[in-house]
Amino acid sequence: MARVVVIAGTRSGCGKTTVAVALMAALVRRGLAVQAFKAGPDFIDPGLHQLVTGRPSHNLDGWMLGPAGVCDVFARYAAGADVAVVEGVMGLYDGFSGADEAGSTAQLAKWLHAPVLLVVDARSMARSLAAEVRGYVGFDAGLRFAGVVCNKVGTPSHAGLLAEAMTLAPGVELLGCLRREAGLELPSRHLGLVTAGDVRGMLGPDFVGRLADWFEDGVSVGRLAAVLPDAPVPSAAELLADLPGSPGPESAPESMSESASDEASAPEAVDPGPRARIGVALDEAFCFYYPENWRHLVEAGAELVFFSPLRDAELPVGASGPGPGGLGGLDGLDGLYLGGGYPELHARELAANEPMRAAVRELAASGAPIYAECGGFMYLMRSLRTGEGEEFPMCGVFGLRCAMTDRFRALGYREAVLREDGLLGPAWTVVRGHEFHYSHILEESGTEPDEGPCAEPGATAAEDGPLTDVPRAVYRVRTRSGWSDIKEGFVAGAAPTGGAAEAAPGTTPEPGAANVLGSYIHLHFGSNPEAARAFVDRCAAHREAAA
């Protein structure tokens with residue numbers, strides 16, 4: 001039995017993240033098991049959810065996963081909780097386009113058959129509240145509303161005016177008013193908020209307690225529980241049985257109108273036990289991962305071993321080691337997964353950890369498969385120039401240089417089609433993801449770095465030259481506007497067949513032979529679990545070849 005609620009806002013910036021996290025804090029304080037979810041592709045909010053609930057939060061993205069994938073993820077993790085809290089994205093009805101509900105919080109709420117708690121920014125508002133609420137509630141008759149919470153309320157008299165106004169919006173209950181309180185709003189960076197790691201100190205027990213107090217001072221948790229149905233969490237099949245709407249945005253190009261894999265929720269069964277050991281970079285610089293990606297890798301036969309490029313001087317040899325549950329024989333890694341994050345904020349420390357940079361480059365030169373996204377891709381480049389103009393050496397697997405800017409360079413959903421056989425599968429494999437970054441590849445990549453930190457003795461990115469000077473792009477990318485001419489999915493390689501025989505430094509590998517793949521796109525393996533299986537296959541093949 002579990003209660004389910006979707007926290008939706010009237011717009012971005014109304015405070016729904018703070019409200020959602022505060023509700024979670026209040027529920028956890030009452031001893032309830034809270035499972036959090038996040039609508040859309042965002043990495044940051046799920047990290048905040050996990051800090052409060054103690055459980056990984058999972059993304060429910062209708063475009064990347066399709067309805068089957070969304071319903072599977074929700075049913076898989078909500079079933080073991082007392083309460084499932086789903087934080088929405090943007091405004092309630094905002095999604096992939098302005099013409100339909102695809103990708104919106106409203107569509108997600110209907111897929112999950114879950115009531116919506118609408119968060120309204122009520123600053124400088126009185127009777128207009130009724131007009132706004134009536135507009136939202138009446139816009140889509142297919143939605144159920146648990147009630148309304150007014151955020152950023154001033155004085156008690158202001159709260160009284162809002163309550164009086166809500167009498168003009170019959171059929172939806174005002175569940176409370178949350179006062180403006182300095183110091184409770186979460187600071188911002190890049191895509192909405194800072195990372196959970198950045199606010200780990202701030203989100204200590206005292207601050208979480210303040211959040212819970214703030215929520216309970218303005219909203220009756222008991223009344224909220226009373227208006228939420230307490231029922232068994234439906235299975236994915238039950239949720240899908242009477243699903244309204246289409247599986248994807250009708251306004252998108254044809255191949256983007258359905259999920260990349262209708263089988264996203266049901267990876268094929270695999271033989272028990274791991275068959276390849278994959279190192280996963282995880283620290284303050286590399287913290288953007290979809291937990292479902294890890295699950296798909298494990299179900300495909302991977303043993304995941306986490307390490308820190310910031311603090312560890314060498315790559316790990318495996319958490320389990322020889323024996324039951326782990327991989328015997330070779331102690332080293334068979335591949336790497338480098339996720340995104342904020343390497344630009346830790347560029348000096350990453351550059352100073354020369355042993356780790358050398359270890360990553362040596363692993364790439366050995367032919368071990370390496371998959372890197374966004375920040376992880378930047379880490380594999382020759383150098384990284386920060387927003388302050390300082391340039392620091394990175395691993396030098398790619399002969400590319402990147403630089404930060406004060407404006408984002410790309411934002412949106414992406415569908416990647418492999419042009420050739422590679423780490424994620426055969427040619428024409430389709431995987432979906434999302435792209436958002438402030439850095440870009442410098443056109444003069446391949447030349448010597450500017451004078452600065454990279455010119456210091458012993459701080460060159462790669463004394464022997466990069467594995468690939470001018471990497472080949474192997475993704476064909478489709479955006480909301482259609483096929484794009486942007487170059488994405490860069491490959492490098494040191495071995496023609498994934499073995500240990502090294503190719504000439506600086507050369508581009510033949511199609512299908514690359515063992516390193518880097519991209520700015522964060523892919524979700526739930527859109528095509530076969531991509532995860534293909535990567536594990538390559539890692540297992542490397543293990544066998546090196547045995």
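The expected span of a helix is taken as 1.5 Å times one less than its number of residues. Helix H12, residues 354-365, fits that yardstick well in this predicted model: the helix has 12 residues and runs 16 Å from first C-alpha to last, close to the expected 16 Å. Its buried residues are Met-356, Arg-357, Ala-359, Val-360, Arg-361, Leu-363, Ala-364 and Ala-365. Just past the end of H12, Gly-367 adopts a positive phi of about 95°.

Stepping back to the whole protein, the secondary structure adds up to 14 helices and 25 strands. Of the 547 residues, 59% count as buried. Among contacts with a separation of 6 or more, 77% come from residues 24 or more positions apart.

Helix H1, residues 16-29, can be put through the same check. H1 has 14 residues and spans 20 Å between its first and last C-alpha, close to the 20 Å expected at 1.5 Å a residue. What sets the surroundings of H1 is burial: 12 of its 14 residues are buried, so the helix is largely enclosed by the rest of the structure. The buried set consists of Lys-16, Thr-17, Thr-18, Val-19, Ala-20, Val-21, Ala-22, Leu-23, Met-24, Ala-25, Ala-26 and Leu-27. Just after H1 comes Gly-31, with a positive phi of about 85°.

Next, helix packing. Two packed helices are described by the angle between their axes and the distance between the axes. For H3 (residues 62-78) and H4 (residues 105-112), the angle is about 30° and the axes sit 10 Å apart. The crossing of H3 and H4 is right-handed. On the H3 side, the contact is made by Gly-62, Gly-66, Pro-67, Val-70, Cys-71 and Phe-74, while H4 brings in Leu-108, Trp-111 and Leu-112. Sorted by type, the residues of this H3 and H4 contact are seven nonpolar, two polar and no charged.

Tyr-379 offers a view of how pieces of the chain come together around one side chain. This tyrosine sits in helix H13, residues 375-380. Tyr-379 counts as buried because its relative accessibility is 0%, against a cut-off of under 20%. Leaving aside residues up to four places away in sequence, Tyr-379 touches Phe-286, Pro-309, Leu-338, Leu-350, Met-356, Arg-357, Val-360, Met-394 and Cys-395. Of these partners, Met-356, Arg-357 and Val-360 also appear among the buried residues of H12. Pro-309 is 70 residues from Tyr-379 in sequence, yet the two C-alpha atoms are 9.5 Å apart in space.

Aromatic rings are the next topic. The count comes to 18 aromatic pairs. One of them, Tyr-93 with Tyr-136, is stacked, at 5.9 Å centre to centre and 25° between the planes. Tyr-93 lies in the loop between strand E4 (83-91) and H4, and Tyr-136 lies in helix H5 (residues 128-139), so the pair ties together parts that are 43 residues apart in sequence. Tyr-93 and Tyr-136 are both buried. Phe-288 and Tyr-342 make an edge-to-face pair instead, with 5.4 Å between centres and 70° between the planes. This pair also joins distant parts of the chain: Phe-288 belongs to strand E10 (residues 286-288), and Tyr-342 to the loop between strand E13 (340-341) and helix H11 (347-352), 54 residues apart. Phe-288 and Tyr-342 are buried as well. Beyond single pairs, ring pairs link Tyr-289, Trp-294, Phe-306, Tyr-337, Tyr-371, Phe-525 and Phe-535 into a cluster.

Finally, a couple of backbone oddities. Met-90 has a positive phi, near 50°, despite being a residue other than glycine. Met-90 lies in strand E4 and counts as partly exposed because its relative accessibility is 33%. Cys-374 also has phi near 50°, again a positive value in a residue other than glycine. Cys-374 is located in the loop between strand E14 (370-373) and H13, and its relative accessibility of 6% means that Cys-374 counts as buried.

Note on methods:
Residues are numbered from 1 along each chain as its sequence is written. This is a predicted model: local features need pLDDT of at least 70, side-chain atom pairs count only at pLDDT 80 or more; totals for chains, interfaces and linings use all residues. Side-chain values use heavy atoms; hydrogens and water are left out. Axes are lines fitted to C-alpha atoms, for helices over the stretch in contact, and angles run from 0 to 180 degrees between N-to-C directions. Helices (H or I, at least four residues) and strands (E, at least two) are DSSP runs, numbered from the N terminus. A crossing is left-handed if the near helix is turned anticlockwise from the far one by less than a right angle, and right-handed if clockwise. Contact means heavy atoms within 4.5 Å. Ala, Val, Leu, Ile, Met, Phe, Trp, Tyr, Cys and Pro count as nonpolar, Asp, Glu, Lys and Arg as charged, and the others, Gly among them, as polar. Buried means under 20% relative accessible area, exposed over 50%, partly exposed in between (1.4 Å probe, protein chains only). Rings of Phe, Tyr and Trp (its six-membered ring) pair if their centres lie within 6.5 Å; planes under 30 degrees apart count as stacked, over 60 as edge-to-face and the rest as tilted.
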